[in-house]
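Please look at the sequence and the structure below. A short report on selected features follows.

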Amino acid sequence: MHRLGMFVLIRLVSMELRTPRLVGPYAPCVGNLEVYHRGQWNSVCSSRWDSAAGQVVCKQIGCDSYHTTSANSIPQETGPVLLDKIQCKGTESSLSECTLSPSGQQTCETGMSVVIFCKVEQNVILEDGGSPCAGRVQARNFGTWIIICGRTWDMNDARVVCKYLGCGDAVSASGNSQFGSGIWLMLNYEVGCNGSEEDPWKCELKQLAHSNCSRETEGAGVICSDHKQPRLVGGTDRCSGRLEIQKGETWGTVCDSHWDSLDASVVCASLKCGEVISVFSGAQFGEGSGPIWQDVYECQGNETILWSCPTTQTNRKNCTHRHDVSIICSGQRRPRLVGGSDTCSGRVEIMFEDTWNTVCDTYWDLQDAAVVCNQLGCGAVISSPGGAYFGEGNGPIWNYIHVCIGNELHLTDCSIASWGNHQCTHRNDASVICSDEDWQLRLANGESICEGRVEVYYDGVWRRVIDTEWNLNEAEVVCRQLKCGSAINIYNHSKFGKGTGPTWITNVRCNGTEPFLRNCSFRKTEQSPFVDDVGVVCSDHFQIRLVDGGSRCAGRVELYYNGSWGTVCDDSWDLADAQVVCNQLKCGQALNATVSSWFGPGVGPIWLDNVNCNMKDSVLWECLVGQWSESDCNHKEDAGVICSDHRAVRLQDGANPCQGRVEVYYNRTWGTVCADSFGKAAADVVCQQLSCGSAQSVESANTFGSGSGQIWLDDVNCRLHDTLLWQCPSSPWGQHNCDHKEDVGVICSELGPRKTRNEGDTKNRKTEPVSENFELRLAAGFNNCSGRVEILFNGTWGTICDDSWDKQDAAVVCRQLNCGHPMLALEEVLLEGGNGTIWIDEVKCHQKSTASFNQQRPPIFFIPCIFVILLIAVSLALAAELQRSYQKDNRRTQYSPGSFSGPVYEEIEIHNVGASPDLHSNSSLNKLEYYTDSELHQDDDIRMQNSFTSFDAEFGREYEDVQ
């Protein structure tokens with residue numbers, strides 16, 4: 001009876017062990033062993049365990065074969081520890097077939113629990129190193145990919161990996177995440193190899209003393225001797241230049257004798273640089289240094305990395321660095337022309353994220369098309385027809401608005417205004433037709449297409465012109481051929497930078513009357529001596545921009561002409577003129593044509609006056625009635641423009657400026673953003689745009705309340721490269737299926753926008769205490785450093801009238817609020833209107849004003865400019881009274897301003913402008929009393945001319961345009 005009972009007891013205990021599991025971040029095939037025993041999960045003491053039981057566990061949980069057993073310290077918070085010994089033969093299918101023997105121990109003497117490593121799809125790879133023989137060490141042997149910790153990684157470990165991969169011997173071993181951090185979990189175990197193992201899984205695994213190995217800084221890396229990786233050096237970007245190949249750890253150039261376009265196409269593909277454009281021999285991007293690899297690559301063109309191409313050896317003894325091969329690839333975001341008669345005409349398509357996109361023709365223009373012709377090596381642009389001229393494409397539509405000058409070398413050199421807010425179908429696919437004729441000219445890297453470095457198009461490539469004796473005769477021919485007027489300046493130094501293409505001609509000699517540069521005498525050269533490219537400035541080079549408005553679609557109008565930026569006078573300036581500017585800049589409709597230097601005075605020449613545009617004008621300089629630079633204006637009359645695509649973003653109704661409901665300013669109106677599709681990526685864009693750090697969370701309307709009015713954006717889907725909210729793809733502006741209950745909010749990591757100040761501003765800044773009766777704030781703006789100016793006076797918040805308000809007045813406000821320098825002094829119509837009292841009107845500050853609004857204690861407060869006016873008025877009155885006093889005392893001495901005593905102010909009474917709608921700032925100073933050391937007298941005999949003259953000499957330079 002007793003024997004039977006004992007048998008049953010052991011069997012029941014064993015039945016409870018039928019459910020093991022491995023716990024931890026690498027589960028299910030790697031982790032701390034736990035077994036179910038007596039109704040709960042138990043860790044297993046390492047001293048009671050052997051490899052035979054490990055084989056059974058791996059088999060039972062479906063993780064193929066057993067690899068090894070390790071041990072981990074038992075944390076205090078763990079559950080019970082199984083102290084009994086589990087005895088297996090290794091052939092059992094589950095732990096239920098093994099026996100459990102009591103150990104008689106009360107504690108685990110080792111203090112370590114069992115960790116099991118099971119094998120699953122054993123593999124080791126080197127990632128992100130440019131070939132299978134270099135990179136970050138990643139292993140897949142335990143059911144998931146893991147990154148190997150490099151804290152103790154050495155050359156013995158690296159040799160085993162290189163041997164296992166068939167990559168020769170190891171040439172370097174790193175443990176500092178040299179090849180990036182990767183995306184997988186870090187294995188917090190030490191790999192210990194002696195270098196003789198054939199398989200890295202036969203090396204010892206030992207837990208790290210500190211199990212917090214950093215994926216960002218401690219990942220293991222290896223470079224093997226069979227590693228090959230290309231790069232392009234000396235070009236305009238990483239997708240053009242002299243070819244260099246790394247073998248092991250050594251970089252060398254490539255001999256051009258056996259290199260062809262198929263080999264080059266694999267280089268472009270491996271560098272993610274698109275398609276091959278050109279292959280050059282003769283060190284066109286300069287001679288390299290170091291070894292010259294003479295391998296003959298036999299690529300088929302469909303390989304993804306150069307390492308995959310078979311090679312043979314050659315021994316061309318006369319190959320020097322003068323024979324270094326060079327490559328130009330199209331690059332990412334590269335264009336192509338499809339459906340035309342050749343590769344230089346057709347429908348525009350742009351490669352982005354490995355997908356070809358057609359281009360919407362709404363804002364596509366001749367300048368954009370010229371850059372496509374430049375990049376494709378197709379000469380000069382002839383036309384850019386829209387309306388799917390070469391047939392409709394398919395796939396996604398590239399709806400970005402490019403802003404190109406026309407002389408950029410790549411489409412990526414053009415700025416992107418925003419994601420288009422218009423509906424586009426393939427019926428709107430844009431097209432380009434290029435000339436593809438030899439001896440086309442262009443001026444590169446200037447401010448317009450009529451200024452820059454001279455380059456000649458020949459045999460499908462833009463080539464350099466070098467000449468130490470380049471003069472106005474040659475420049476005149478260039479300007480004539482480009483229809484850019486006459487030459488006004490020349491350069492034979494590096495003003496416009498060094499060209500990237502091959503050298504083509506030198507010693508050009510013209511008499512100045514030739515119609516084309518090819519009609520002049522010249523000498524061809526394929527060498528690249530240390531001579532700079534020639535440059536030209538032609539008379540008809542124009543460019544336009546808006547400055548100091550806070551975005552590219554608002555600001556002071558400036559024109560680039562004759563080599564200088566200048567402004568436009570506001571005489572006759574109106575919305576028709578402003579509309580031409582907005583059209584030129586692809587900024588939508590003109591909302592406001594500002595005058596009187598609204599965006600601050602410019603500098604330099606005033607190029608245009610009395611501009612008179614109509615609907616047919618496409619560029620501003622076509623509207624000129626008179627001659628360039630003929631005006632009777634000064635910079636206080638500089639014209640400005642605000643276009644409808646002027647945009648801003650803010651966070652409203654949060655606890656600080658960096659959290660709240662997302663609102664966007666567009667078309668003169670603030671509106672909200674719908675939460676549909678609005679995720680963390682979009683929130684990050686908003687926070688970064690506001691200098692508020694990164695996004696912490698995306699909130700619903702319940703958090704910050706519902707907005708009102710317009711809902712501007714819906715279905716916002718931002719990507720990693722978007723930096724402005726309106727660059728993100730979305731539904732067309734104003735089109736949505738939401739209500740304000742779906743208004744999205746954002747909480748950013750910062751409490752307020754990060755500000756930067758010049759060092760000098762920080763050193764010289766003085767902080768004044770704010771009186772209890774007077775405070776200053778900016779309300780209804782994007783953050784605490786933008787908005788409507790409001791003043792708290794006599795316990796009431798009121799506003800300031802915008803009559804004569806300009807950037808100089810705004811500078812005083814910014815200084816007082818410690819907000820740096822003013823970016824834009826907005827007029828009332830651009831922000832939500834205030835309510836209550838209007839405290840001040842006709843504010844006039846000059847550029848040197850440094851005082852703050854609250855510089856004196858109550859019951860008075862001073863605007864710095866009012867203080868200047870009062871000082872002048874007091875000084876004038878003092879001068880008059882002293883003159884009368886001198887005359888009464890029969891003094892015959894000449895008036896001297898040095899005899900004045902300093903005025904002492906007793907009372908200034910300020911009337912509230914808001915008390916009466918008819919009240920103006922001219923009457924806001926009601927009473928002024930003053931004293932001097934001498935008794936003041938009244939006299940009807942006033943003879944002040946000399947006094948005024950002397951006074952003006954002393955004080956007349958202290959202010960500007962006091963009204």
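## A salt bridge between strands 25 and 26

The side chains of Arg336 and Glu349 form a salt bridge, with N and O 2.8 Å apart. A salt bridge here is a side-chain nitrogen of Lys or Arg within 4 Å of a carboxyl oxygen of Asp or Glu. The pair links distant parts of the chain: Arg336 sits in strand 25, Glu349 in strand 26 (residues 345-352), and 13 residues separate them. Helices (H or I, at least four residues) and strands (E, at least two) are DSSP runs, numbered from the N terminus.

This is a predicted model: local features need pLDDT of at least 70, side-chain atom pairs count only at pLDDT 80 or more, and totals for chains, interfaces and linings use all residues. Residues are numbered from 1 along each chain as its sequence is written, and side-chain values use heavy atoms, with hydrogens and water left out.

## Cover around the pair

How accessible are the two partners? Arg336 counts as partly exposed, because its relative accessibility is 28%. Glu349 is buried, because its relative accessible area is 6%. Buried means under 20% relative accessible area, exposed means over 50%, and partly exposed lies in between (1.4 Å probe, protein chains only).

Glu349 has another partner. Arg347 forms a salt bridge with Glu349, and their closest N and O atoms are 3.2 Å apart. Both Arg347 and Glu349 are buried. Leu337 belongs to strand 25 (residues 335-339). Leu337 is buried, with a relative accessible area of 9%. Its C-alpha atom is 4.9 Å from that of Val348, and the two residues are 11 apart along the chain.

## More salt bridges

How many salt bridges does the structure hold? The count is 27. One of them joins Arg464 and Asp533, whose closest N and O atoms are 3.0 Å apart. Arg464 lies in strand 35 (residues 461-466) and Asp533 in the loop between strand 38 (521-524) and strand 39 (535-538), so the pair ties together parts that are 69 residues apart in sequence. Arg464 is buried, and Asp533 is too.

Salt bridges can also form a network. Arg545, Asp548, Arg556 and Glu558 are linked in this way.

## Strands that pair

Strand 14 (residues 189-192) has side chains that alternate. Tyr189 and Val191 point to one face and are buried; Glu190 and Gly192 point to the other and are not. Strand 14 pairs with strand 15 (residues 204-207) in the antiparallel sense, over 4 bridges. Two strands count as paired if DSSP finds at least two bridges between them. The bridge partner of Tyr189 in strand 15 is Gln207.

Which strands pair with strand 51? Strand 47 (residues 659-666) is joined to strand 51 (residues 745-748) by 3 bridges, and the two run antiparallel. There, Arg661 has Gly745 as its bridge partner. Strand 49 (residues 695-699) also pairs with strand 51 in the antiparallel sense, over 4 bridges. Val698 stands opposite Val746 of strand 51.

## Loops

Two loop residues have a positive phi although they are not glycines. Asn445 has a phi of about 70 degrees and is found in the loop between strand 33 and strand 34 (451-458). Lys586 has a phi of about 55 degrees and lies in the loop between helix 7 (575-584) and strand 43 (590-594). Is Lys586 buried or exposed? Lys586 is buried, because its relative accessible area is 7%.

Thr144 is in the loop between strand 10 (134-140) and strand 11 (145-148). Thr144 is partly exposed, at 22% relative accessibility. The C-alpha atoms of Thr144 and Trp184 are separated by 8.7 Å, with their positions 40 residues apart along the chain counted as the distance apart.

## A negative surface patch

Asp342, Asp436, Glu437, Asp438 and Asp459 form a negative surface patch. Patches are made of residues with over 30% relative accessible area and no salt bridge; like charges are joined within 9 Å, and nonpolar side chains (Val, Leu, Ile, Met, Phe, Trp, Tyr) within 5 Å. Asp and Glu count as negative. Asp438 lies in the loop between strand 32 (431-434) and strand 33 (440-444). Asp438 is partly exposed, with a relative accessible area of 36%.

Key:
Areas by Shrake-Rupley, 256 points an atom, 1.4 Å probe, with all protein chains shown as cover. Charge placed at Lys NZ, Arg CZ, Asp CG, Glu CD.
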